[in-house]
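Colleague: Please take one part of this model and walk me through it closely. I would like to see how that part sits in the rest of the chain.

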Amino acid sequence: MTSTAAAPARRGQNHGHELDRVGKPPPLAMVVFGASGDLTARKLLPALAALGEHGALPDEFAVVGVARTEWGDDDFRRVAAGAAGDHSSRWRKLVDNFRYVAGEYGHPDTFDRLKSVLDDLDDKVGTSGNRLYYLATIPDLFGVVAEALAHHGCNKPGAGGTFARLVVEKPYGDDLESAQVLDRQLHKAFEESQIYRIDHYMGKETVQNVLALRFANSVFEPVWNRRYVDNVQITVAEELGVEHRGGFYERAGALRDIVQNHVMQVLALTLMEPPALMDAQGIRDEKVKLLRAVVVPEVEAVTTMAVRGQYGAGTVGGQGVPAYRDEQDVAPDSTTETYVAMKLAVENWRWAGVPVYVRTGKRLPKRATEVALEFQRVPHLAFGQRLARELHANSIFVRIQPDEGVRLVFGAKVPGEEFRLRSVGMDFSYAQAFPGSTADAYERLLHDAMIGDPTLFIRTDEVAQAWTIVDPILDAWAEDGSPLTRYAAGTWGPHEADLLLARDLREWHDP
Ligand SMILES: NC(=O)c1ccc[n+]([C@@H]2O[C@H](COP(=O)([O-])OP(=O)(O)OC[C@H]3O[C@@H](n4cnc5c(N)ncnc54)[C@H](OP(=O)(O)O)[C@@H]3O)[C@@H](O)[C@H]2O)c1
């Protein structure tokens, strides 16, 4: 805490880099489908390079890139080497083992060649038959690749190996039905225990800190329920527009891109019951139990509980920016939503009657992900309303990004003769309390997949339940059941989203 509260004794102690403290995974070969793509270049290779630089990869390690682009091994090695800083000799040494298979995923020959490269790596590099397959390609091909791997016997470890795992990128389906089709395809080829579905939000240190805050402290958990909490708000705000991914975004929209996965995960961790054990099964069981308690909206009621918006031209960070419909690869009459606000209800003993407001949008004033718990007011304010105009409800804000931390807002007396009250804040900042570097989400998740820890990956029943909640909203919007509202880029979203709370005599907490 940075204000009047007692500072932790070890505040300010530099913790170095988190990756210097993690163990080496066992020998393995990682196969990246989509090796020439955007995600591999921007996230996967830099994350692997960081793991390599910090000695968090096994010595017997190789990446095999698979894509159509006609690269040879050396081309791929050059790309991989470029993902790290200049001084990374550890990474460069690993990159010498990397291989590339140019081929179409629909052709069996691609997988014949992949198999012989993997056998060769076991022989020459000592990758020991252990495999980590990463689906960083277009989602329509997830099932095709999984089935081809099984057909070639690659869904099991190679000779002497102990694991073959499949990491699956988002999106996991476009709705419940397509997610179930994908599940059936993957389950024909891999057991559920071999499948690691990525939601990179789960790899963020501060998302996991929600669990520490709630379940390692006796002051918060007793008030974390309907007896004390008035409402919960989750905001995932992006400053960016669609950048170069207009074509992708046109098919997705904010509800599929952010709410079904990231928002639902944050919501589940914020509201779930304490697990008996903080392990993969304990946490995932509680998350899915909570998601089952979220009331599934009626298609007819969507207009009253959800708002969809799209940004028009405006100003962000002092720069003029175009309307969504004027972005590259976006239809001039597009009805894709770039903003969603919803009021959800969680019907269980802990949360019945407490509204959960969630919102996400592109081209909002700043990038910020935050959870706010607003507490009920005191039953009687003996100081009188006139002296308490600047006193807001007690609240806890968990800042997930950026400027990670926790802020507690409460009332204090303003110095002076009158008993005037004002809200003040007590702040905990991650960066101040723990100087040193934490791992990036992809670094942490890749390492977890390599050591076989599925805790931060999404289980099939969680995906299905999250789709069950958002499907009726998608259906209602597909039927044009609620109007598309507009907001100017650089504002906090459409007026209708404010009305959603104003109807309940509440307001959004803007981060
Ligand atoms: N990019 C991001 O910021 C981001 C963020 C979160 C999640 N994701 C997810 O990550 C995945 C990949 O996204 P991306 O943006 O990296 O896509 P991308 O740039 O379009 O890359 C697609 C990759 O798949 C390969 N590919 C496509 N069709 C193929 C085929 N028939 N046979 C063989 N290779 C084929 C491409 O190879 P060639 O180009 O060589 O043909 C390329 O390497 C998607 O599921 C996406 O939703 C991406």
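**A covered strand and its surroundings**

Modeller: Strand β11 (residues 339-344) is mostly covered, with 5 of its 6 residues buried. Buried means under 20% relative accessible area, exposed over 50%, and partly exposed in between, using a 1.4 Å probe and protein chains only. Strands (E, at least two residues) and helices (H or I, at least four) are DSSP runs, numbered from the N terminus.

This is a predicted model, in which local features need pLDDT of at least 70 and side-chain atom pairs count only at pLDDT 80 or more, while totals for chains, interfaces and linings use all residues. Residues are numbered from 1 along each chain as its sequence is written, and side-chain values use heavy atoms, with hydrogens and water left out.

Now the pairing. Two strands pair if DSSP finds at least two bridges between them. Strand β8 (residues 306-312) and β11 run antiparallel, joined by 4 bridges. There, V307 has A341 of β11 as its bridge partner. β11 is also joined to strand β12 (residues 356-361), by 6 bridges, and these two run antiparallel. In that pair, A341 stands opposite R359 of β12.

Next, M342. Contact means heavy atoms within 4.5 Å. Neighbours within four places in sequence aside, M342 is in contact with L255, V259, M264, M305, A306, V356, Y357, V358, I473 and L500.

M342 also belongs to the largest nonpolar core. A nonpolar core is a set of buried Ala, Val, Leu, Ile, Met, Phe, Trp, Tyr and Cys residues joined through side-chain atoms within 4.5 Å. This one has 155 residues, and M30, F33, L48 and M342 touch the most other members. Helix α8 (residues 246-271) gives the largest share, 12 residues. Domain 1 (18-198) and domain 2 (202-502) each provide at least three residues of this core. Those bounds come from an automatic or database domain assignment. In soluble globular proteins, nonpolar side chains tend to be buried together.

How do the two domains meet? In all, 38 residues of domain 1 are in contact with 31 residues of domain 2. Their centres, taken over C-alpha atoms, are 32 Å apart.

Helix α8 turns up once more, at the largest cavity. A cavity is a set of points, on a 1 Å grid over the protein atoms alone, where a 1.4 Å probe fits but cannot get out; lining residues have an atom within 4 Å of a point. α8 supplies the largest share of this lining, 4 residues. Both α8 and α13 (460-478) give at least two residues to it.
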